[in-house]
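Student: I have a structure to study and would like to go through it with you. Can we take it step by step?

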Amino acid sequence: MLTRSRSALVLGLALLASPLASLACCPSDGNSPQKLASVGLGESFPTTADVAADSTWSVYEFQRDGIRYVQANDSAGAVRAAVGRIGDTFWVLPIGVDADRVSVPGNAVTIPAYTSAKRVYGTNAIDVWVYQTTSGDWWAVTPAGER
């Protein structure tokens, strides 16, 4: 009887720990040991690190209730676009002045002819690209390496 109790306890702890470990495990899946902000999405200057690779833009990552978010702002702080992601599922959030010009897997939009394309943020999990066109800026958020 005691052995069954121990086995049940070990199994229970393993089941509880495994989802938590997967969230903070491996940089190769885009997760990092750093704690992402859980508030501030939609703000001009959220109180979290700007992770953009291009100083023209600001990019912020958030995580709440197992959902990851990425937000792009311009240098003046205007929110341009935001995307939510769970695993390989992406969706565009209805915030930002460019929200109608964002392409994500499963909901790709046709980006018009562009004068430049820049990768403004990237991890082992996602890439954020901005395409500057005569009709404004367009965005693509994709799994890493899939442009």
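Tutor: Start with one residue. Leaving aside neighbours within four places in sequence, valine 83 is in contact (heavy atoms within 4.5 Å) with Arg68, Tyr69, Val70, Phe90, Trp91, Val92, Leu93, Val102, Val104 and Val141. A word on the source: this is a predicted model, where local features need pLDDT of at least 70, side-chain atom pairs count only at pLDDT 80 or more, and totals for chains, interfaces and linings use all residues. Residues are numbered from 1 along each chain as its sequence is written, and side-chain values use heavy atoms, with hydrogens and water left out.

Student: Which strand gives the most residues to the largest nonpolar core?

Tutor: A nonpolar core is a set of buried Ala, Val, Leu, Ile, Met, Phe, Trp, Tyr and Cys residues joined through side-chain atoms within 4.5 Å. Buried means under 20% relative accessible area, exposed over 50%, and partly exposed in between, with a 1.4 Å probe and protein chains only. The largest core has 17 residues, and Val70, Val83, Val120, Ile126, Val128, Trp139 and Val141 touch the most other members. Strands E1 (57-64), E2 (67-74), E3, E6, E7 and E8 each supply at least two residues, and the top giver, with three residues, is E7.

Student: How many residues are in the second core?

Tutor: This core is separate from the one above. Its members include Ala37, Tyr60, Ala82 and Leu93. The count is seven residues.

Student: What pattern does the protein chain follow along the sequence?

Tutor: Helices (H or I, at least four residues) and strands (E, at least two) are DSSP runs, numbered from the N terminus. The protein chain has one helix and eight strands. Read along the sequence, the pattern is α-β-β-β-β-β-β-β-β.

Student: In what order do the four strands of the open sheet lie?

Tutor: Two strands pair if DSSP finds at least two bridges between them. The pairing in this sheet is mixed. Its edge strands, E5 (102-103) and E6 (114-122), each pair on one side only. The order is E5-E8-E7-E6.

Student: In which sense do E7 and E8 pair, parallel or antiparallel?

Tutor: Strands of a sheet pair through backbone hydrogen bonds, in one of these two ways. E7 (residues 126-133) and E8 (residues 136-143) share eight bridges and form a hairpin with two residues between them. Isoleucine 126 stands opposite proline 143, and aspartate 127 has threonine 142 as its bridge partner. The sense is antiparallel.

Student: Which residue in E8 stands opposite valine 102?

Tutor: Look at the other neighbour of E8. Two bridges join E5 to E8, and these strands run parallel. Opposite valine 102 in E8 stands tryptophan 139.

Student: How many of the eight residues in E8 are buried?

Tutor: E8 is mostly covered. One buried member is aspartate 137, at 12% relative accessibility. The count for E8 is seven.

Student: Which residues are linked with Arg80 in a network of salt bridges?

Tutor: A salt bridge is a side-chain nitrogen of Lys or Arg within 4 Å of a carboxyl oxygen of Asp or Glu, and the count here comes to eight. Arginine 80 meets aspartate 74, with the closest N and O atoms 3.5 Å apart, and aspartate 98 at 2.9 Å. The N to O value for arginine 80 and aspartate 137 is 2.8 Å. The residues linked with Arg80 in the network are Asp74, Asp98, Asp100, Arg101 and Asp137.

Student: How many residues apart in sequence are the parts that aspartate 137 and arginine 80 tie together?

Tutor: Both ends are covered: arginine 80 is buried at 11% relative accessible area, and aspartate 137 counts as buried too. Aspartate 137 lies in strand E8 and arginine 80 in strand E3, so the pair ties together parts whose separation in residues is 57.

Student: And what is the relative accessible area of aspartate 98?

Tutor: Aspartate 98 lies in the loop between strand E4 (89-92) and E5, so its pair with arginine 80 in E3 (residues 79-86) ties together parts that are 18 residues apart in sequence. Aspartate 98 is buried. Its relative accessible area is 1%.
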